[in-house]
Structures are given as structure tokens and as C-alpha cells.
Amino acid sequence: MSTARLTASASLTGTARVKHSFYRQHLLAARHFAGLAGQIELKASVIEAERSEHRAYVTGAVVFSVAFLEASINEFYLEAVDGDRTPLSSLTDQQIGILAELWGDVIDRYSILKKCQIALAACSALRFDEGAEPFQGTDGLVRIRNALIHYRPEWDDELLGHKKIRDRVEKRFNPNPLVPSGSLWFPHVCLGAGCAMWSVDQAAVFMQDFCHRLNIPSRVP
């Protein structure tokens, strides 16, 4: 008489869910580009190819500085949606729940600064004074980014949007030393290493202030 021995085996498989935060990388990129623009301005003479590189570095610093702000506030709301307490450690469950409810098609259409003001109000935190720093400077930074991304040439004797940008930010940073005298202020005189470095600092100061108002860990790399 023989007996058969049956062996059963089972394997369990699962899929881990992964998300990757990217907002910090934007500010790191902006700092890198601002540094490269500064290096070119230190040269005794600059060839045309270097002028093009310089313009690219400055533009990149501006665009990525604002991208840092936009990605950071978007990820902030999504952290609330996920219930991730690590970056929102000081917020109550109720505050996190309110932020999660706010996120959606409506708030996603608001401007970067409006999203920040709404988040502060939702958490009963002190909102930014829109007539003071760092709100004013950051609004100017966003305006420069928008003007570059949605660029519309303007005649020098019929300046509209470009004049508003100049009035808002001209005294906040040193002009581009690589352009000849008499150049249009925007974009030529504006887009120098001074603007690039200011963009990085302005974005960092604003986000640091936002975190301080909510008493959450710094989001500035």
C-alpha cells in the first residue's frame, strides 16, 4: 500500500505604491543656473555663444524658481490628500482634512500665491500681507516668469505689461551688464545674473515664510 503526499504552496504578490516628490529639485536647478550665469558675467570678455548661454541660464533660473513654488504648493495639498503627516507634522487632523477637501479642479486653477493664501486661511494661520514683502517680490517674480513663458513683444514707445514688470522689480536686483546701453529693460536689461540670483532667493524666502506661518518643516532645500 502506498500513500501519496500532497504539498501545497502559495505565493503572495503585491504592488507597492510609490510617489516621488520633485519640487525641491526645481530650486536646486534654479540655483545651478543662477551660478552659471554669474560665472559668465565675471569674464573679461564674452563671445556671442556665451551671451546665448547666459540668457538661457538666467531664464532657466527664473522659470525653475517659480516652478519650485508651484510644485511645492501643489504637493502640499496632495500630501494632505494622502494624509502624509511627515511634512505636515504640526497640522491637526481637521486641518489636513480641510486641505484635502479643498484640493480639486477649482483650487488647481488658482494662481500660485492664491493657493498659498487659501492654505493659510484654511489652517487659521496668518496670511501674507499682499502689499508687503515677501508677497510683493514673489508676485513680481511670477510676473517675470509669466511674461517669459507667454512672451508678447512690445514696442519701446508702447510698453504695457513690460513696464508693469519693470516698475515692480527694477530696484530689486542689479541689471544685466552684458547688454549695450539703451537696450530694452525687459527682457534684455532685466535678465542678468542679478535677476537669476534674486529669483532663487525670493522663492526660497517666500516658501520659508509660508512654512513658518504653518509651523511645518521647511520645504526649502
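**Figure 1. E50 sits in helix α2.** Helices (H or I, at least four residues) and strands (E, at least two) are DSSP runs, numbered from the N terminus. E50 counts as buried, because its relative accessibility is 14%. Buried means under 20% relative accessible area, exposed over 50%, and partly exposed in between (1.4 Å probe, protein chains only). Leaving aside neighbours within four places in sequence, E50 is in contact with I40, K43 and S45. Contact means heavy atoms within 4.5 Å. This is a predicted model: local features need pLDDT of at least 70, side-chain atom pairs count only at pLDDT 80 or more, and totals for chains, interfaces and linings use all residues. Residues are numbered from 1 along each chain as its sequence is written, and side-chain values use heavy atoms, with hydrogens and water left out.

**Figure 2. Confidence along the chain.** The protein chain averages a pLDDT of 92, and 92% of the residues score at least 70. pLDDT is the predictor's confidence in each residue, from 0 to 100. Over residues 1-10, pLDDT stays under 50. For this stretch the model has 0 contacts beyond four places in sequence. Where pLDDT is low, the predicted coordinates should not be read in detail.

**Figure 3. Helix α1 and its cover.** The 19 residues of α1 should span 27 Å at 1.5 Å a residue. The expected span of a helix is 1.5 Å times one less than its number of residues. The end C-alpha atoms of α1 are 28 Å apart, which agrees. Buried residues of α1 include Y23, H26, L27, A30 and I40. Their cover includes α2 and α8.

**Figure 4. The largest nonpolar core.** This core has 58 residues. A nonpolar core is a set of buried Ala, Val, Leu, Ile, Met, Phe, Trp, Tyr and Cys residues joined through side-chain atoms within 4.5 Å. F76, L91, L99, I144, F210 and L214 touch the most other members. Two or more residues come from each of α1 (23-41), α2, α3 (93-102), α4 (112-122), α5, α6, α7 (185-189) and α8. Helix α8 gives the largest share, 12 residues. Beyond its neighbours within four places in sequence, F210 is in contact with I73, F76, C116, A119, L120 and F128.

**Figure 5. R145 and E70 form a salt bridge.** A salt bridge is a side-chain nitrogen of Lys or Arg within 4 Å of a carboxyl oxygen of Asp or Glu. Here the closest N and O atoms are 3.6 Å apart. The pair links distant parts of the chain: R145 lies in helix α5 (residues 135-149) and E70 in helix α2 (residues 48-82), 75 residues apart. R145 is buried, at 15% relative accessible area. E70 is partly exposed, at 29%. A search of the whole structure finds 11 salt bridges.

**Figure 6. D139 and R168 join two helices.** Their closest N and O atoms are 2.3 Å apart in a salt bridge. D139 is in helix α5 and R168 is in helix α6 (residues 161-169), 29 residues apart. D139 counts as buried at 17% relative accessibility, whereas R168 counts as partly exposed at 23%.

**Figure 7. A salt bridge within helix α8.** The side chains of D209 and R213 meet at 2.8 Å, N to O. Both lie in helix α8 (residues 193-214), 4 residues apart, about one turn of the helix. R213 counts as partly exposed, at 23% relative accessibility. Elsewhere, salt bridges that share partners join D139, R143 and R168 into one network.

**Figure 8. Cysteines without disulfides.** The count comes to 0 disulfides. A disulfide is a pair of cysteine sulfur atoms within 2.5 Å. The sulfur of C190 is 4.0 Å from the closest cysteine sulfur, in C195, too far for a bond. For C123, the closest cysteine sulfur is in C116, 12 Å away, also too far for a bond. C190 is buried at 0% relative accessible area, and C123 is buried at 5%.

**Figure 9. Two cis peptide bonds and two positive phi values.** The bond from E133 to P134 is cis, with omega near 5°. P134 is in the loop between α4 and α5. Another cis bond joins F186 and P187, with omega about 10°. P187 is found in helix α7. S124 has a positive phi, near 60°. S124 lies in the loop between α4 and α5 and is exposed, at 71% relative accessible area. N215 also has a positive phi near 60°. N215 is in the segment after α8 and counts as exposed at 59% relative accessibility. Most residues other than glycine have a negative phi, and most peptide bonds are trans.
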